[in-house]
Amino acid sequence: MDSIEALKHRVKELEKENKELKEELSKFKNKKRGRKNKFEVHDIESMKFYRFQGKSYREIASIFKCSTGLVHKLVNKK
């Protein structure tokens with residue numbers, strides 16, 4: 001009977017360890033990867049508003065000091 005009790009105790013220890021490792025792993029999985037966004041949401045909305053007013057992509061890019069391609073990408077993003 002002692003070996004059965006020892007095995008049950010060992011199983012509980014392993015389950016506890018497994019739970020701790022899963023929590024630690026989830027911390028790494030939830031980290032954001034990649035490059036940080038250059039512009040905040042309100043900046044992108046301002047770009048869209050400028051575009052709606054009739055400003056060109058080049059004019060908007062000079063206002064925000066970035067490339068015209070980036071402005072085009074952000075304005076046309078759904």
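User: How are helices and strands picked out here, and how many of each are in the protein?
Analyst: Helices (H or I, at least four residues) and strands (E, at least two) are DSSP runs, numbered from the N terminus. This is a predicted model, where local features need pLDDT of at least 70, side-chain atom pairs count only at pLDDT 80 or more, and totals for chains, interfaces and linings use all residues. Residues are numbered from 1 along each chain as its sequence is written, and side-chain values use heavy atoms, with hydrogens and water left out. Along the sequence the pattern reads α-α-α-α, and the tally is four helices and zero strands.

User: Which elements give two or more residues to the largest nonpolar core?
Analyst: A nonpolar core is a set of buried (under 20% relative accessible area, 1.4 Å probe, protein chains only) Ala, Val, Leu, Ile, Met, Phe, Trp, Tyr and Cys residues joined through side-chain atoms within 4.5 Å. The largest one has 10 residues, including Phe39, Ile44 and Leu74. The elements giving two or more are helix 2, helix 3 (57-64) and helix 4 (68-76).

User: Which residues does isoleucine 44 touch, leaving out those up to four places away in sequence?
Analyst: Contact means heavy atoms within 4.5 Å. Isoleucine 44 belongs to the largest nonpolar core, and with that sequence limit it touches Phe39 and Leu74.

User: What is the nearest side chain of opposite charge to aspartate 43?
Analyst: Aspartate 43 sits in helix 2 (residues 41-52). Lys and Arg count as positive and Asp and Glu as negative, with His and the chain ends not counted. Aspartate 43 is buried with no salt bridge (a side-chain nitrogen of Lys or Arg within 4 Å of a carboxyl oxygen of Asp or Glu), and 10 Å away is the nearest such side chain, lysine 38.

Terms used: Buried < 20%, exposed > 50% of the residue type's maximum accessible area, 1.4 Å probe, protein only.
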